[in-house]
Amino acid sequence: MQVPPPAAAAAPNSAPPALATSLPVEYYADPSYWPIERREIFGREWQCVGFDYQLRNPGDYLTEIVAGWPIFVQRGTDGELRAFHNVCPHRGGIIVNDGQGCQANLVCRYHGWAFGGDGSLINARDFGADVPGDVGLTPIRVGVWRSVVFVCLSEETAGLDEWLGGWDERMAEWPIEGARFHSRSVRTMNCNWKTYGDNFLEGYHVPLIHPGLARQTEATKYRVWNYGDRRWNVHLTPHPDDALQPGTFMCFWPNFSMDIFPGGWCTERWLPRGPHTTDLVFDYFFFDDCAEADEIVKQSEEVAQEDAEFCDLVQRNLDAGIYRQGYLSPRHENGLMDWHEMYLEVLTEGGPARGVGPHPVRNPTS
Ligand code: FES
Ligand SMILES: [Fe+2]
């Protein structure tokens with residue numbers, strides 16, 4: 001009697017598609033990638049650094065450290081927003097103290113050189129010689145999108161509006177303006193920025209590490225949806241009409257999200273401080289008629305703490321030398337597939353992912 005061929009041989013087209021894999025572990029564990037990421041990603045992409053409520057009056061400033069570059073943004077006496085590296089051209093002193101405040105004059109804290117609002121040198125205190133005229137603060141690009149302040153360290157990157165692309169249109173239906181600042185939280189995690197970013201890009205883990213959140217939502221139906229641009233995606237628990245609603249996370253490459261709550265919203269930033277240190281920063285905003293703001297923040301902070309603690313554990317394990325690379329779920333981890341692919345293109349091909357416009361994207365399987 002003849003033995004039938006194996007099913008796979010009889011029907012080659014029915015073979016399951018190959019599973020996608022995560023980034024190899026060295027991208028999370030080997031610090032030698034950090035200088036490349038600084039230069040090719042954080043030195044080129046627009047980065048959220050604060051909010052216009054911090055910069056209302058002439059002289060108001062805020063500082064941030066963008067992947068190791070200390071910068072400040074200030075509203076000038078002419079009302080214009082300008083941004084500079086917070087690095088004095090004399091010998092590297094700081095121009096404004098870290099944090100936020102109001103300071104009419106830009107005077108270096110180290111030896112007292114004074115700069116105009118446009119960054120030009122006005123006076124080199126007690127120097128003993130003329131300083132060449134081209135010495136001044138190093139300007140950087142600044143832009144505001146619907147009350148959120150961004151800077152970009154590269155002159156080559158598209159303008160903020162173009163860079164945001166379809167994100168702006170997708171967010172248009174959701175009110176942002178008018179909500180007041182409520183509070184900020186900052187956590188320092190001992191993990192690579194991508195370890196947290198990967199965690200943010202999927203809801204697969206929600207039933208396991210966020211029991212409180214899982215009780216409130218249909219966590220197993222959490223999905224990450226793309227709209228033709230790999231750089232940003234929308235995280236939805238099921239609802240019928242694809243409308244943005246409380247509980248939606250809007251995630252934008254490489255380290256920014258806007259999270260929508262009942263009666264308000266927050267931004268979430270995972271800011272690399274080095275290859276194995278990442279600050280997780282939440283800024284909460286609510287409309288005046290929201291009575292549950294404190295409770296919403298409490299719940300959000302509980303989830304953030306669960307994520308931060310677990311990402312530190314994952315990083316410990318990535319560093320241990322036993323894990324190399326894993327398979328990604330086509331149902332839940334499609335967002336990671338897109339970002340990992342984009343990341344490798346940026347690092348190895350000089351950055352086609354930075355181009356603004358449509359890209360092939362992966363959406364969840366059923
Ligand atoms: S470093 Fe700024 S004045 Fe000397
Ligand atoms: Fe989480």
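This section walks through a predicted model, from its confidence scores to its iron site, its cores and a few individual residues.

Confidence comes first. The chain averages a pLDDT of 90, and 90% of the residues score at least 70. The weak spot is residues 1-12, where pLDDT stays under 50. For that stretch the model has one contact beyond four places in sequence. Where pLDDT is low, predicted coordinates are not something to read in detail.

Next, the metal. The iron ion (ligand 2) takes its protein donors from His 205 (NE2), His 210 (NE2) and Asp 307, the last of these listed twice through OD atoms. These donors lie 2.1 to 2.5 Å from the iron ion. Along the chain they follow the spacing H-x4-H-x96-D. His 210 sits in the loop between α7 (206-209) and α8 (211-216), while Asp 307 belongs to helix α9, so this pair ties together parts that are 97 residues apart in sequence. Both residues are tucked away: His 210 is buried, with a relative accessible area of 1%, and Asp 307 is buried too, at 7%. As for geometry, the angles among the four donor atoms run from 56 to 151°, and the site is irregular. For reference, the ideal angle for four tetrahedral donors is 109.5 degrees.

Turning to the nonpolar interior, the largest core has 40 residues. Those with the most contacts inside this core are Ile 41, Tyr 196, Phe 286 and Tyr 343. Several elements give two or more residues to the core: α2 (26-29), α3 (34-42), α6 (193-200), β16 (264-274), β17 (277-286), α9 (293-319) and α10 (334-349). Apart from this core lies another, of 26 residues, with Cys 152, Leu 160, Trp 163 and Met 258 among them. Back in the largest core, what does Phe 286 contact beyond its neighbours within four places in sequence? The list takes in Ala 179, Arg 180 and His 182, then Phe 261, Pro 262, Gly 263 and Gly 264, and finally Ala 293, Ile 296 and Val 297.

Helix α6, one of the elements that give residues to the largest core, deserves its own look. Eight of its eight residues are buried, so α6 is largely enclosed by the rest of the structure. The buried set includes Trp 193, Tyr 196 and Phe 200, along with Lys 194, Asp 198 and Asn 199. At the start of α6, a side-chain oxygen of Asn 192 reaches to within 2.9 Å of the backbone nitrogen of Lys 194.

Two arginines also turn up inside the fold. Arg 187 lies in strand β11 (residues 180-189) and is buried, with a relative accessible area of 13%. The side chain of Arg 187 makes a polar contact with the side chain of Gln 305, at 2.6 Å. Setting aside neighbours within four places in sequence, Arg 187 is also in contact with residues including Thr 278, Asp 279, Leu 280, Glu 301, Ala 304 and Ala 308. Arg 269, in strand β16, counts as buried at 1% relative accessibility. The side chain of Arg 269 makes a polar contact with that of Glu 64, at 3.4 Å. Among the residues that Arg 269 touches, not counting those up to four places away in sequence, are Cys 48, Val 49, Gly 50, Arg 184, Asn 255, Phe 256, Asp 279 and Asp 283. Asp 279 thus appears in the contact lists of both Arg 187 and Arg 269.

Phe 115 gives another buried example. This residue lies in strand β7 (residues 114-115) and counts as buried at 3% relative accessibility. Leaving out residues up to four places away in sequence, Phe 115 touches Cys 88, Pro 89, Ile 95, Leu 106 and Cys 108, as well as Ser 120, Leu 121, Ile 122, Gly 136 and Leu 137. The C-alpha atoms of Phe 115 and Leu 137, 22 residues apart along the chain, are separated by 7.6 Å.

Finally, a few backbone details. The peptide bond from Trp 253 to Pro 254 is cis, with omega near -5°, and Pro 254 is found in the loop between β14 (249-252) and β15 (256-261). Asp 126, in the loop between β8 (121-123) and β9 (139-145), has a positive phi near 50° although it is not a glycine. Asp 126 is exposed, with a relative accessible area of 71%. Arg 146 likewise has a positive phi, near 45°, and lies in the loop between β9 and β10 (148-152).

Conventions. Residues numbered from 1 in each chain as written. Chains lettered and ligands numbered in written order. Predicted model: local features only at pLDDT ≥ 70, side-chain atom pairs only at ≥ 80, totals over all residues. Heavy atoms only, no water. Core = buried A, V, L, I, M, F, W, Y, C linked by side-chain atoms within 4.5 Å. Buried < 20%, exposed > 50% of the residue type's maximum accessible area, 1.4 Å probe, protein only. Helix = DSSP H or I, 4+ residues; strand = E, 2+ residues; numbered from the N terminus. Contact = heavy atoms within 4.5 Å. Polar contact = N/O pair within 3.5 Å; in protein donor to acceptor, adjacent residues only side chain to side chain. pLDDT = per-residue confidence, 0-100. Donors = N, O, S within 2.8 Å, 3.2 Å for Na, K, Ca; no water. Tetrahedral: all angles 85-135°; square planar, octahedral: opposite > 155°, others 65-115°.
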